[in-house]
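Trainee: Could you take me through one part of this model up close? I'd like to see how the pieces around a single buried side chain fit together.

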Amino acid sequence: MSSSSPVRRRRVFYIPGYDPIHPRRYRELYRSESAAQAAVSGYEIALRPKTTKGPYGWHVSAQIDGEAVETDVEVLLWSDIVRDSMATTIPATYLALIRTAFVYIFTGALFRLMRLRKGPVIAALYPVMFLLLQLLLALGLGYLTGWGLSSLVAKATTLFAPAGWLAAPLVAWVVLRWFKQRDNRFFAYYLMHDYSFSAKYLGANPEALEQRISAFANTIAEGLTADVDEVLVIGHSSGAHLAVSILSDLIRAGRVPADGPALSFLSLGQVVPMVSFLPRATRLRVDLAFLSASDALTWVDVTAPGDGCAFALCDPVAVTGVAPTDQRHPLVLSAAFTQTLSPERWQQLRWRFFRLHFQYLCAFDRPDHYDYFQITGGPLTLYARYHDKLPSKSRITAPVNRYRSLA
């Protein structure tokens with residue numbers, strides 16, 4: 001559903017990616033970064049406690065382009081599912097590593113993904129290589145410890161010389177535990193669980209996630225009956241493919257009122273191919289094909305080549321190989337970090353890969369068409385902002401997925 005009418009009131013539903021952290025960080029990020037962007041772009045924006053019934057969110061009051069806009073932002077939480085999937089032992093993590101590598105290699109998904117963007121593939125290989133490095137280091141230190149203690153004991157008595165090797169597995173375990181306890185610096189366990197989450201079911205959604213998708217659909221459906229001018233759904237990272245299924249379910253079920261608010265979908269830093277290229281991701285592929293042809297919403301996809309964790313400028317529908325002849329979505333655009341961030345700011349961030357993956361939610365000191373806070377708090381619908389915008393010339397649309405079944 002498209003609309004160019006000014007927005008006075010808006011509901012925003014934000015779907016985070018695979019993130020175990022409490023959603024308060026999204027509120028604080030919005031608070032600090034919106035203030036920074038307002039200072040650069042010359043508008044007013046302020047946060048106060050939420051006014052809706054949802055479990056977590058905030059209210060935004062903004063004065064942009066001379067217009068007053070009130071926005072309620074709600075975070076659709078699935079961090080509990082993420083935490084449960086991460087609550088595994090060290091041996092279980094290494095078993096997940098083997099399973100995930102097997103799935104992506106022997107289905108051919110890994111090599112096809114590399115034909116799109118090497119950045120996210122390298123990001124996927126990083127936890128595999130770093131966890132293996134941890135294991136080799138642990139085994140090596142364990143071996144050296146066992147050998148050293150056995151040599152010392154042997155000088156005293158040959159009878160108990162083998163006893164020195166009893167310390168080897170203990171040392172190896174201590175080293176592995178040391179790395180795991182500091183994964184907030186290395187992110188190896190976190191990323192391994194992220195990729196394993198989809199690989200475990202070969203791209204299908206686990207039952208707990210399907211139930212949460214249904215609950216999210218009910219929440220958004222309620223928002224579509226509210227007295228607002230726009231309902232904006234934002235899917236960030238892994239949250240983008242959840243949003244695709246949620247919105248597809250809503251539209252198919254006839255839960256998007258024809259005379260209701262404009263329905264908009266903004267996907268940011270999407271990693272859809274990591275799931276849609278797997279053999280049992282039929283549900284996602286069906287939803288991608290359906291949503292891409294729907295006239296019930298506006299869908300804009302924003303990524304940036306500077307984000308090494310996203311499939312930048314890849315049309316998620318087309319590269320999956322399920323684009324219908326009447327495809328109309330998404331509009332694929334670049335956030336162009338190297339142009340929208342000053343050289344000084346880019347130098348500060350360019351090697352902070354995880355921070356760059358969240359840049360879409362942050363301020364730009366040289367903003368262009370993309371301004372997260374004007375999109376979420378300003379007087380224009382997503383359609384009004386982008387309906388005459390051409391897609392990025394660098395977008396990738398070549399279908400490279402092996403699995404294209406819709407049944």
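Mentor: Let's fix one term before we start: a polar contact here is a pair of N or O atoms within 3.5 Å, and within protein one of them must be able to donate a hydrogen and the other to accept it. Keep in mind too that this is a predicted model.

With that cut-off in hand, go to Ser276. Its side chain makes a polar contact with the side chain of Thr320, at 2.9 Å. Ser276 sits in helix α11, which covers residues 273–276. Is Ser276 buried or exposed? The relative accessible area of Ser276 is 0%, and buried means under 20%, so Ser276 counts as buried. If you skip the neighbours within four places in sequence, the residues in contact with Ser276 are Ala281, Leu284, Arg285, Leu288, Thr320, Asn401 and Tyr403.

Pick Ala281 from that list and follow it. Ala281 lies in the loop between α11 and α12 (282–292), and Ala281 is buried as well, with a relative accessible area of 0%. Ser276 turns up again among the contacts of Ala281, along with Leu202, Gly203, Ala204 and Val275, again not counting residues up to four places away in sequence. There's also a long-range pairing to check: Ala281 and Ser198 are 83 residues apart in sequence, yet their C-alpha atoms are 9.1 Å apart in space.

Ser198 takes us to α8, since that helix spans residues 188–199. Helix α8 packs with α3 (residues 90–106) at an angle of about 55 degrees, and the axes are 9 Å apart. The two helices are therefore oblique to each other, and α3 passes α8 in a left-handed crossing. On the α3 side, the residues that meet α8 include Ile90, Tyr94, Leu97, Arg99 and Val103; on the α8 side they include Tyr189, Met192, His193 and Ala199. The residues of this contact divide into 10 nonpolar, 4 polar and 1 charged.

Now back to Thr320, the partner of Ser276. Helix α13 covers 316–320, and the loop between α13 and β8 (331–334) holds His329. His329 is buried, with a relative accessible area of 7%. The side chain of His329 reaches the backbone oxygen of Leu297 at 3.2 Å. Beyond its neighbours within four places in sequence, His329 is in contact with Leu291, Ser292, Ser294, Leu297, Thr298, Trp299 and Val317.

Terms used
Residues are numbered from 1 along each chain as its sequence is written. This is a predicted model: local features need pLDDT of at least 70, side-chain atom pairs count only at pLDDT 80 or more; totals for chains, interfaces and linings use all residues. Side-chain values use heavy atoms; hydrogens and water are left out. Axes are lines fitted to C-alpha atoms, for helices over the stretch in contact, and angles run from 0 to 180 degrees between N-to-C directions. Helices (H or I, at least four residues) and strands (E, at least two) are DSSP runs, numbered from the N terminus. Angles under 35 degrees count as roughly parallel, over 145 as roughly antiparallel, 65 to 115 as roughly perpendicular and the rest as oblique. A crossing is left-handed if the near helix is turned anticlockwise from the far one by less than a right angle, and right-handed if clockwise. Contact means heavy atoms within 4.5 Å. Ala, Val, Leu, Ile, Met, Phe, Trp, Tyr, Cys and Pro count as nonpolar, Asp, Glu, Lys and Arg as charged, and the others, Gly among them, as polar. Buried means under 20% relative accessible area, exposed over 50%, partly exposed in between (1.4 Å probe, protein chains only).
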